[in-house]
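Me: Hi! Could you walk me through this one with me? I'd like to start with the empty space inside and then move on to a helix.

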Amino acid sequence: MNPARISTVDQLLEILDHSVAASDRGDRSDQSAAEFWTNLLTTPGHPLATSLPDEPLVDWHDRGLLGDLSRARVLDIGCGAGRNSRWFAEQGATVEGIDLAAPLLAHVRPTMPESVTLTALNVLHDPLPAGQYDVVYDSGCFHHIAPHRRISYLERVLPAVRPGGRFGIVTFAGEQMETPTDQQIVLSGDTAGGMAFTLDDLRTIFQALKPVELRQVRDNRAGTFGPDFLNAALFTAE
């Protein structure tokens, strides 16, 4: 039950959470969306129902921007069916994949390499796997988090990147599609099925990290997932 009068930041965030949850689309970053994501990511022919790794990952690795993955500890946020987790493991990394869709993780867990651990949790509220990581990667989770909860995301996720480690992210591209303003989202509670961010947006939001590369995802590399309505950004923690 929400208090009649707000006296803490947590109370304010919880009230805004309820506003998002009450919208027609609901809160797709909440545990209540587990069935939605499980169905979406197992629908034949859906663009996200792919086993291919993200194009930026392969490119960054080929250019040495991710460091030595053969000895890396990786956190894959919003790992879904584990396509990027599997790719990291194939490069020799030990991977912790986290996602709120427990039924989906249960389905794909037996198919994962031994070096991949999949855990069902909410990145905004549940305890994250302990320790720091050489690479923290988020492909498509961040743009479903309501504006008021970006604060929680930054406070929880960024400390997981070790000094000198990498943080990579892929989001809808604000240069390629219309997106509501944060004010519109906060007032309506409707996250519009996912928000889009320009490269400048990402640079500003993750200003606590040092930029390595920010660019549009490319759709011309075979064997990768690379729709050009996405932006990719790679940062390093100092």
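**Cavity and helix 4**

Me: By class, what does the lining of the largest cavity have?
Reply: Happy to help! Keep in mind that this is a predicted model. The lining has 6 nonpolar and 2 polar residues, and no charged ones.

Me: How many cavities of 30 Å³ or more does a search of the whole structure find?
Reply: The search finds 1. About 30 Å³ of space lies in that largest cavity.

Me: Which residues line the largest cavity?
Reply: They are L16, S19, V20, A146, P147, H148, I185 and V186. Two elements give two or more residues to this lining, namely helix 1 (9-21) and helix 7 (182-188).

Me: And which element gives the most?
Reply: That's helix 1, with 3 residues.

Me: Nice. Switching topic: why is helix 4 described as largely enclosed by the rest of the structure?
Reply: Helix 4 covers residues 83-90, and 6 of its 8 residues are buried, so it is largely enclosed by the rest of the structure. Buried here means under 20% relative accessible area.

Me: Which ones are the buried residues?
Reply: In helix 4 they are R83, N84, S85, W87, F88 and A89.

Me: What covers them?
Reply: The cover over the buried residues of helix 4 includes helix 3 (55-62), along with strand 1 (73-77), strand 2 (94-99), strand 3 (116-120) and strand 4 (133-139).

Me: Last one: which residue with a positive phi follows helix 4?
Reply: That's G92, with phi near 100°.

Conventions:
Residues are numbered from 1 along each chain as its sequence is written. This is a predicted model: local features need pLDDT of at least 70, side-chain atom pairs count only at pLDDT 80 or more; totals for chains, interfaces and linings use all residues. Side-chain values use heavy atoms; hydrogens and water are left out. On a 1 Å grid over the protein atoms alone, a cavity is a set of points where a 1.4 Å probe fits but cannot get out, and a pocket is an open set with protein on both sides within 12 Å along at least five of seven lines; lining residues have an atom within 4 Å of a point. Grid points are joined across faces, edges and corners, and a volume is the space filled by probe spheres set on the points. Helices (H or I, at least four residues) and strands (E, at least two) are DSSP runs, numbered from the N terminus. Ala, Val, Leu, Ile, Met, Phe, Trp, Tyr, Cys and Pro count as nonpolar, Asp, Glu, Lys and Arg as charged, and the others, Gly among them, as polar. Buried means under 20% relative accessible area, exposed over 50%, partly exposed in between (1.4 Å probe, protein chains only). Contact means heavy atoms within 4.5 Å.
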